[in-house]
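Hi everyone, thanks for coming. I'd like to walk you through a couple of helices today, so let me put the structure up.

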Amino acid sequence: MIIGAMNHPKRDIIEEIRWMADLGLDFVDLTLEPPAAASWNANPDKIRAELSKHNLQVVGHTAYYLPMASPMEEVRKAAVVEFKRCLEVFSRVGAKWMNIHPAAYAPMHELDYIIGQNLKTLLELQDCCSSLGVGLMVENLPGDFNTVAQLGPLLDQVPGLGLHLDIGHCNLRTEHNTATELIDRYSDRIQHVHIHDNKGGYADLHLALGAGTMDWRRHIQHLKRSGYDHTITLEVFSEDHHYLEYSRDLLRAEWNKSN
């Protein structure tokens, strides 16, 4: 298991990589979002060189608000254009996987239609993924794509689609944390993991581990028992990096415990 963090999209990518290296992290969860980390402004050669300089790996992350299920076809296709541009950048910087956030906002449309629009976008990206050598993984999201039943229509119909498991999201807008059921059903599809704490309900707080009420240790041990041993992003959003450093140490200590 290796631990990383996400760059802030309002800040220079290279400077973000440097502080992550100084913190002793293992990889960068590179999000390509405006204003400072837009895909069309990113310099892949410079990013790759900086990653190499610090011996950091990289995972690709796209903007959560891209309208990949829009009922307006021109808008949906614009999201596809952006995803393809991100895939090209991620391929050049050395990322093997890119996440994508399924969209549910299509007022007055039935769920089957929304699922179909998400599938249409995912399938349209398959050739680009194959040619660039970057896999797609879908992230679980609170409310609409957060259970086996909700994610199954995507994961079961797109060959090679990975699961980006966000354990913090599993704790939101649900009666119980759904991480266990997702790990049990899709352990062989999990390609990347996010973890952060919260207090349940609707607020996606992105707290340091232990600052909320989530039983994160139980979920980490269940993940480890499933055979997962790849990248885990500490998605702790704080201006003070000490909270991230503290969470890093907690996560490493928990992971290194014997089962």
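**Two spots worth a look**

Let's start with helix α2, on the side where Asp-45, Lys-46, Ser-52 and Lys-53 are exposed. Keep in mind as we go that this is a predicted model.

Now flip to the other side. In α2, which runs over residues 44–53, the buried ones are Pro-44, Ile-47, Glu-50 and Leu-51. Why do they end up on the same side of α2? Because they span an arc of only 130° around the axis. As a general reminder, an α-helix has 3.6 residues a turn, so residues three or four places apart point the same way.

And what covers those buried residues of α2? The cover includes two helices, α1 (13–22) and α3 (73–93), along with the strands β2 (27–32) and β3 (57–62). Then, just after α2, you reach Asn-55, which has a positive phi of about 55°.

Okay, next spot: jump along the chain to helix α8, residues 216–225, and helix α9, residues 241–255. Their axes come within 10 Å and cross at roughly 50°, so α8 is oblique to α9. The crossing of α8 past α9 is right-handed.

Who's making the contact? From α8 it's Trp-216, Arg-217, Ile-220, Gln-221, Leu-223 and Lys-224, and α9 brings Leu-250, Leu-251, Glu-254 and Trp-255. Sorted by class, this contact between α8 and α9 has six nonpolar residues, three charged and one polar.

That's my tour, happy to take questions.

Conventions: Residues are numbered from 1 along each chain as its sequence is written. This is a predicted model: local features need pLDDT of at least 70, side-chain atom pairs count only at pLDDT 80 or more; totals for chains, interfaces and linings use all residues. Side-chain values use heavy atoms; hydrogens and water are left out. Buried means under 20% relative accessible area, exposed over 50%, partly exposed in between (1.4 Å probe, protein chains only). Helices (H or I, at least four residues) and strands (E, at least two) are DSSP runs, numbered from the N terminus. The arc is that of the directions from the helix axis to the C-beta atoms. Contact means heavy atoms within 4.5 Å. Axes are lines fitted to C-alpha atoms, for helices over the stretch in contact, and angles run from 0 to 180 degrees between N-to-C directions. Angles under 35 degrees count as roughly parallel, over 145 as roughly antiparallel, 65 to 115 as roughly perpendicular and the rest as oblique. A crossing is left-handed if the near helix is turned anticlockwise from the far one by less than a right angle, and right-handed if clockwise. Ala, Val, Leu, Ile, Met, Phe, Trp, Tyr, Cys and Pro count as nonpolar, Asp, Glu, Lys and Arg as charged, and the others, Gly among them, as polar.
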